[in-house]
Amino acid sequence: PKEIFLKDYTKPDYYFETVDLSFSLGEDKTIVSSKIKVSPRVKGSSAALVLDGHDLKLLSVKIEGKLLKEGDFQLDSRHLTLPSLPAEEFFVLEIDTEIYPHKNTSLEGLYKSSGNFCTQCEAEGFRKITFYQDRPDIMAKYTCRVEADKTLYPVLLSNGNLISQGEIEGGRHYALWEDPFKKPCYLFALVAGQLVSRDDTFITRSGRQVSLKIWTPAEDVPKTAHAMYSLKAAMKWDEDVFGLEYDLDLFNIVAVPDFNMGAMENKSLNIFNSKLVLASPETATDADYAAILGVIGHEYFHNWTGNRVTCRDWFQLSLKEGLTVFRDQEFSSDMGSRTVKRIADVSKLRIYQFPQDGGPMAHPVRPHSYIKMDNFYTVTVYEKGAEVVRMYKTLLGSQGFRKGIDLYFKRHDEQAVTCEDFFAAMRDANNADFANFLQWYSQAGTPVVKVVSSYDAEARTFSLKFSQEIPPTPGQPTKEPTFIPVVVGLLDSSGKDITLSSVHHDGTVQTISSSSTILRVTKKEEEFVFSDISEKPVPSLFRGFSAPVRVDTDLSNDDLFFLLAHDSDEFNRWEAGQVLARKLMLNLVSDFQQNKPLVLNPKFVQGLGSVLSDSSLDKEFIAKAITLPGEGEIMDMMAVADPDAVHAVRKFVRKQLASELKAELLKIVENNRSTEAYVFDHTNMARRALKNTALAYLASLEDPAYVELALNEYKMATNLTDQFAALAALAQIPGKTRDDILADFYNKWQHDYLVVNKWFLLQSTSDIPGNVENVKKLLDHPAFDLRNPNKVYSLIGGFCGSPVNFHAKDGSGYKFLGDIVVQLDKLNPQVASRMVSAFSRWKRYDETRQGLAKAQLEMIMSANGLSENVFEIASKSLA
Ligand code: DPP
Ligand code: ZN
């Protein structure tokens with residue numbers, strides 16, 4: 001396998017102006033004809049034109065209408081090379097290929113899902129459709145003619161506007177589509193099948209009437225109401241917040257059951273994993289509703305950030321993804337609770353991205369190299385990338401950020417650009433000084449920021465000393481300091497924000513007059529001194545999580561309890577609780593390892609107890625505040641991760657809290673039941689979240705009274721959110737009740753594959769001892785299918801996410817995963833590669849576990865015909 005480097009980027013020798021595609025779809029084969037108007041970058045160029053192609057049967061190549069003979073071109077398993085080309089300003093290249101979508105289990109290129117044809121071309125799937133320069137800086141205008149059997153495939157869709165359609169002999173029909181915007185081939189899409197649409201319209205602010213269609217099998221149409229609501233909300237929001245209007249008369253979304261990723265932003269024809277479209281109160285949870293809102297928004301927002309302005313090369317992926325994740329986060333915040341959304345996003349970063357940054361796959365937001373681009377659709381490129389975009393906004397404010405975005409579009413509409421171009425637009429629009437901010441794009445690893453504070457009563461000054469350290473990562477042994485914006489407030493002894501007057505730094509004085517300010521930390525070590533501080537304050541640091549770093553402060557437990565109770569920054573109230581919980585759990589882990597009795601600090605119970613009964617707080621905030629950091633987060637902080645100890649301690653703390661706060665928790669369950677029909681809004685979701693969090697605490701006591709309570713909640717539930725939460729609480733308690741209720745749930749929902757996936761997930765993630773055996777049995781369940789990514793993510797991905805069972809000391813979890821990866825890789829390398837990533841941090845465990853995991857990685861590496869996808873992850877993990 002070949003590694004590709006950012007530093008080797010060169011401009012293409014040939015551009016494509018227009019591309020006319022024609023598909024004749026069939027059951028055994030599909031014929032793809034392409035007609036491309038090619039123009040050399042430099043007139044008279046003698047360079048060869050190298051086209052990518054994979055798993056294609058070449059039928060013919062013509063240049064300017066003249067058929068090429070063997071010897072006029074070179075063909076290998078990945079390329080078609082045309083060595084001698086006309087020395088004209090333009091020439092026409094025509095290529096016919098034959099492909100076999102029904103045999104395509106990789107789900108990239110053109111494939112079949114539930115009998116329908118669909119495509120997935122990002123990142124490099126277009127080369128499985130026809131020979132092409134499969135790179136995003138080739139932007140062309142497309143037409144696409146689709147022809148198929150009329151009965152089997154009544155609906156024929158592609159990008160842009162429908163130009164004509166009609167019948168052809170032999171029971172076939174066709175549709176001709178034209179996309180007026182230039183696009184890279186990764187945004188090409190085609191769908192053909194038996195689909196029915198939910199229709200609506202959106203009038204843009206300039207009065208354009210846009211027809212909206214969400215396509216699914218007929219029986220699913222009732223489940224697309226929420227997706228349509230989300231789409232219209234997203235279209236409105238992008239106009240209101242960014243002044244961005246939709247640019248065509250038609251917007252299509254198609255839901256398919258077999259999809260590697262969440263969704264895809266193809267120009268005017270978004271294709272979605274059906275789990276991110278279909279929802280009804282009975283079959284989807286609040287979390288699903290929220291995910292649909294966010295992802296429908298995300299893909300829609302790509303129309304500007306990704307499609308109108310795209311990436312020069314795949315190393316720039318975060319240019320569109322970091323920015324679009326940031327936009328969808330903001331959209332969801334505005335539609336619900338800003339604090340709760342921020343907490344959820346930061347948790348995601350800590351649980352998934354920090355570990356990636358500390359492991360063998362650590363890479364910068366803009367990677368320097370890859371073997372398989374598919375492996376870089378990561379939490380680093382997406383979520384850390386979104387944090388980088390958020391820092392611009394923190395530094396510039398909403399208006400300054402908007403100015404930067406406006407300039408970005410003014411400069412780069414219909415271009416393929418780089419992360420520097422985005423940076424330059426933000427800088428130039430604001431005359432901003434971004435110091436060493438660009439380091440965020442090139443250095444991997446999570447910075448660790450130490451903060452030491454001191455108060456001088458006589459001088460009435462309060463000082464904060466910062467030092468930053470970015471740990472070494474593969475290929476980057478030493479790091480430079482980066483620009484870290486630290487949003488700070490100081491609390492007085494009554495818990496109120498002190499109005500800050502001035503801060504001294506590096507010999508300069510900055511006057512402020514507000515309750516919080518941004519400190520620009522840019523050096524390895526530096527100090528900021530606040531003046532006119534009349535009493536020793538408690539600092540609230542990194543408000544709203546103002547930078548994606550790990551923070552190490554000298555705050556005492558008392559300070560943290562104080563912040564938990566009083567901070568005006570709600571995010572930091574939650575954060576104070578989490579810091580306390582992490583400290584306390586780490587201490588208990590060490591007690592557990594030394595066989596000491598476990599005792600829970602009563603002040604912690606008290607602190608959480610007062611949050612629990614504070615009726616002035618948002619209910620979803622309370623639910624988040626009483627949720628302990630996950631096992632992975634705690635393991636991540638240990639020199640040698642000990643899954644058994646961490647599991648035992650988290651369970652202990654939960655039970656202890658439940659037992660001491662029993663009365664309050666019970667009151668919460670009783671006072672927050674649903675009495676009316678399901679509504680997806682913040683108030684109702686918050687109420688359900690709090691009730692269900694309380695129920696899970698109570699059930700953890702395994703007391704028959706609470707088992708009964710959970711059973712009752714399960715039976716009385718009028719929506720899946722409540723029903724599934726009760727089921728999940730019961731599923732953690734081994735025994736007959738558990739078995740009966742799981743069987744009951746399956747019987748009730750076996751006709752709905754999305755609900756059945758949740759049923760798989762519930763069992764695969766279960767902590768019950770020896771769960772690997774149950775999971776193995778479920779592989780043979782009639783509802784399971786290794787070819788469907790969602791099922792694999794639920795059953796296998798879910799299992800790897802349960803530390804006690806995946807990391808079982810006998811190696812049974814590792815062996816299970818090793819065997820599956822080898823099987824899966826033959827069907828779908830992208831999905832296999834995601835699964836093998838569960839091994840990547842094997843060096844974090846004890847020697848026995850290391851040996852067992854390593855043996856599986858070596859076994860995988862020795863498998864015949866290993867994909868580049870799995871090779872990259874497995875080999876980097878072993879390195
Ligand atoms: N570009 C896609 C996204 O929206 C990747 N599937 O993230
Ligand atoms: Zn995206």
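Trainee: A residue counts as near a molecule or strand if its C-beta atom, placed from the backbone, lies within 6 Å of it. Which residues surround ligand 1?

Mentor: First, the ground rules. This is a predicted model, in which local features need pLDDT of at least 70, side-chain atom pairs count only at pLDDT 80 or more, and totals for chains, interfaces and linings use all residues. Residues are numbered from 1 along each chain as its sequence is written, while chains are lettered from A and ligands numbered from 1 in the order in which they are written. Now the ligand: E122, M261, A263, M264, E265, H298, E299, H302, E321 and Y377 surround ligand 1.

Trainee: Which elements give two or more residues to that shell?

Mentor: β20 (263-264) and α2 (286-301) do. Helices (H or I, at least four residues) and strands (E, at least two) are DSSP runs, numbered from the N terminus.

Trainee: And how many of the shell residues are nonpolar, polar or charged?

Mentor: The shell around ligand 1 has four charged, four nonpolar and two polar residues. Here Ala, Val, Leu, Ile, Met, Phe, Trp, Tyr, Cys and Pro count as nonpolar, Asp, Glu, Lys and Arg as charged, and the others, Gly among them, as polar.

Trainee: E122 is on that list. What kind of peptide bond joins E122 and A123?

Mentor: A cis one, with omega about -5°. A123 belongs to the loop between β11 (116-120) and β12 (140-149).

Trainee: E321 is there too. Which residues of α5 does α3 meet?

Mentor: In α5 they are V381, Y382, E383, G385, A386, V388, V389 and R390, and E321 is one of the α3 residues that meet them. Two residues are in contact if their C-beta atoms, placed from the backbone, lie within 7 Å. By class, this contact has nine nonpolar, four polar and three charged residues.

Trainee: At what angle do α3 and α5 cross?

Mentor: Roughly 75°, and the axes of α3 (residues 317-335) and α5 (residues 379-412) come within 7 Å. That makes α3 roughly perpendicular to α5. Axes are lines fitted to C-alpha atoms, for helices over the stretch in contact, and angles run from 0 to 180 degrees between N-to-C directions. Angles under 35 degrees count as roughly parallel, over 145 as roughly antiparallel, 65 to 115 as roughly perpendicular and the rest as oblique.

Trainee: Changing topic. What does UniProt place at residues 445-553?

Mentor: An unreviewed UniProt entry has "domain: Peptidase M1 alanyl aminopeptidase Ig-like fold" there. UniProt positions are given in the numbering used here, feature names are shortened, and annotations may be inferred rather than shown by experiment. The span is 53% strand and 0% helix, with its end C-alpha atoms 19 Å apart.

Trainee: What about residues 558-879?

Mentor: The unreviewed entry places "domain: Peptidase M1 alanyl aminopeptidase C-terminal" at those positions. That stretch is 71% helix and 0% strand.

Trainee: Back to strands. What is the order in the open sheet of six?

Mentor: The order is β29-β28-β31-β26-β25-β33, and the pairing is mixed. At the edges are β29 (508-514) and β33 (550-553), each pairing on one side only. Two strands pair if DSSP finds at least two bridges between them.

Trainee: How many bridges does β31 have with β26 and with β28?

Mentor: β26 (residues 461-469) and β31 (residues 525-531) pair over six, antiparallel, and β28 (residues 500-505) pairs with β31 over three, also antiparallel. F466 stands opposite E526 in β31.

Trainee: Which residue of β31 is opposite H504?

Mentor: V529. In β29, H504 has V509 as its bridge partner.

Trainee: There is also an open sheet of three strands. Which strands stand at its edges?

Mentor: Its order is β4-β8-β7, with antiparallel pairing. β4 (49-52) and β7 (74-75) stand at the edges with a single partner strand each, so one side of each is left without a neighbour in the sheet. Four bridges join β4 to β8 (residues 79-82), and V50 stands opposite T81 in β8.
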